[in-house]
Amino acid sequence: MHRVVIYTDGACKGNPGPGGWGVLLQSGGHEKELMGGEPHTTNNRMELTATIEALRALKGKSEVDIYTDSSYLKNGIERWIRTWRRNNWLTAGRQPVKNRDLWEALDTESSRHSIRWHWVRGHAGNPGNERADRLAKTGMREFF
């Protein structure tokens, strides 16, 4: 199976405000960068969008290591999403899950791959995370 390392990040100027997302994909000595943005969004939406777009960019079923500095993303996909689905997309407090559209898209995209999720401290010198952060900020620039 194809192995891929992915670094994702989201950025927002104001929260909500203009936002961007960035992705660094690495596989077999090759690298690919992806980025984009939205005029009015939140940091959490950009973190989710980065990961969804990274997984959509993969051509076939892959073994994937995803590195994120978002605890919201990592906890959501590893710990909370199964309960949200079971509870018809309501939180433990019986409130609608925020960003449900993106969580459902991430759930669909991640089901196609074998994924290991890794949390990294943001802005701490991790080269892949720093590149994803720069891409996210670049993706946001056209909106402010």
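**Exercise 1. Decide whether His-123 is buried or exposed in this predicted model, and describe its backbone.**

Start with the accessibility: the relative accessible area of His-123 is 56%. Exposed means over 50%, so His-123 counts as exposed. Next, find its place: His-123 sits in the loop between β5 and α4 (127-140). Finally, look at the backbone: phi of His-123 is near 55°, a positive value in a residue other than glycine. Most residues other than glycine have a negative phi.

**Exercise 2. Now take Asn-99: where does it lie, and is it buried or exposed?**

Asn-99 belongs to the loop between α2 and α3. Its phi is near 65°, again positive in a residue other than glycine. The cut-off for buried is under 20% relative accessible area; Asn-99, at 15% relative accessibility, therefore counts as buried.

**Exercise 3. Find the cis peptide bond between Asn-15 and Pro-16, and then see what Thr-41 touches.**

Begin with omega: from Asn-15 to Pro-16 it is near 15°, and the bond is cis. Most peptide bonds are trans. Pro-16 is in the loop between β1 and β2. Then move to Thr-41, in strand β3. With 3% relative accessibility, Thr-41 is buried. Setting aside residues up to four places away in sequence, Thr-41 touches Cys-12, Asn-15, Pro-16, Gly-17, Pro-18, Gly-19 and Met-46. Both residues of the cis bond are thus among the contacts of Thr-41.

**Exercise 4. Work out which residues of helix α3 are buried and what covers them.**

In α3 (residues 100-110), the buried residues are Leu-102, Trp-103, Ala-105, Leu-106, Glu-109 and Ser-110. They span an arc of only 160° around the axis, so they lie on the same side of α3. An α-helix has 3.6 residues a turn, so residues three or four places apart point the same way. The cover over these buried residues includes α1 (43-56), α2 (71-86) and β5 (114-119). For one of them, Leu-106, the contacts beyond four places in sequence are Leu-48, Thr-51, Ile-52, Leu-55, Leu-73, Ile-77 and Trp-117.

**Exercise 5. Describe the largest nonpolar core.**

This core has 28 residues, and Ile-6, Val-23, Trp-103 and Leu-106 have the most contacts inside it. At least two residues come from each of β1, β2, α1, β4 (62-68), α2, α3 and β5. The largest share, 6 residues, is from α1.

**Exercise 6. Describe the largest pocket and its lining.**

The largest pocket holds about 210 Å³ of space. It is lined by 13 residues, of which His-2, Leu-25, Ser-27, Lys-32 and Leu-58 are the closest to its centre. The lining comprises 4 nonpolar, 6 polar and 3 charged residues.

Technical notes. Residues numbered from 1 in each chain as written. Predicted model: local features only at pLDDT ≥ 70, side-chain atom pairs only at ≥ 80, totals over all residues. Heavy atoms only, no water. Buried < 20%, exposed > 50% of the residue type's maximum accessible area, 1.4 Å probe, protein only. Helix = DSSP H or I, 4+ residues; strand = E, 2+ residues; numbered from the N terminus. Arc of directions from axis to C-beta. Contact = heavy atoms within 4.5 Å. 1 Å grid on protein atoms, 1.4 Å probe; cavity = no way out; pocket = protein on both sides within 12 Å on 5 of 7 lines; lining within 4 Å. Points joined across faces, edges and corners; volume = space filled by probe spheres on them. Nonpolar A, V, L, I, M, F, W, Y, C, P; charged D, E, K, R; others polar. Core = buried A, V, L, I, M, F, W, Y, C linked by side-chain atoms within 4.5 Å.
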